[in-house]
Amino acid sequence: MPDLEEAWHAAADKPGGKEKLLRKYAAYQLLTIDEWLLDQPSDSLRGMLLELFERRYDTASTVFCTQYAKKDWHERLGGDVHADAIMDRIVHRTIWVETGETIMRESNARR
């Protein structure tokens, strides 16, 4: 997610860069987003996520890797209309894989 945000901000400085970036990420058959919602996204990034997920909706697969429960995603996305729209594009036709309560980074750090 941090790399995606960095790429989005870099694309904003180029003519046609935002559209090119959206086409690139929309074209992947499988997109994996690691560190999903580790940091709360800016308004600009939320707008990009909405557009990206709209383009990918019902045509491609997206894997979200996160340490946050899905019940917290809406609030971390800003808790507003944009969050509603983004969540609508994520939750339909979704398979959730719960890996338990243990956070491996914390577990390994204690060792």
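Below, a biologist asks and a modeller answers about this predicted model.

Biologist: What kind of model is this, and how are residues numbered?
Modeller: It is a predicted model, where local features need pLDDT of at least 70, side-chain atom pairs need 80 or more, and totals for chains, interfaces and linings use all residues. Side-chain values use heavy atoms, leaving out hydrogens and water, and residues are numbered along each chain as its sequence is written, from 1.

Biologist: Which pattern do the helices and strands follow along the sequence?
Modeller: Both are DSSP runs numbered from the N terminus: helices are H or I with at least four residues, strands are E with at least two. The protein has 6 helices and 2 strands. Read along the sequence, the pattern is α-α-β-α-β-α-α-α.

Biologist: What share of the 111 residues is buried?
Modeller: Buried means under 20% relative accessible area, exposed over 50%, and partly exposed in between, with a 1.4 Å probe and protein chains only. By that rule, the buried share of the protein is 27%.

Biologist: Is F53 buried or exposed?
Modeller: Its relative accessibility is 4%. F53 therefore counts as buried.

Biologist: Why is the pair of F53 and F64 edge-to-face?
Modeller: Rings of Phe, Tyr and Trp (its six-membered ring) pair if their centres lie within 6.5 Å; planes under 30 degrees apart are stacked, over 60 edge-to-face, the rest tilted. F53 sits in helix α3 and F64 in strand β2, 11 residues apart. Their ring centres are 5.5 Å apart and their planes stand at 75 degrees, so the pair is edge-to-face.

Biologist: Which residues form one aromatic cluster?
Modeller: The count comes to 7 aromatic pairs. One cluster is made of W36, F53, F64, W73 and W96.

Biologist: Which residue lies over the face of Y68?
Modeller: A charge sits over a ring if NZ of Lys or CZ of Arg is within 6 Å of the ring centre and within 35 degrees of the ring normal. Here the distance to the ring centre is 4.1 Å, and the residue is R76.

Biologist: Which element gives the most residues to the lining of the largest pocket?
Modeller: On a 1 Å grid over the protein atoms alone, a pocket is an open set of points where a 1.4 Å probe fits, with protein on both sides within 12 Å along at least five of seven lines; lining residues have an atom within 4 Å of a point. The lining has 36 residues, and F64, C65, T66, W73 and V97 lie nearest the centre. With 4 residues, the element that gives the most is β2.
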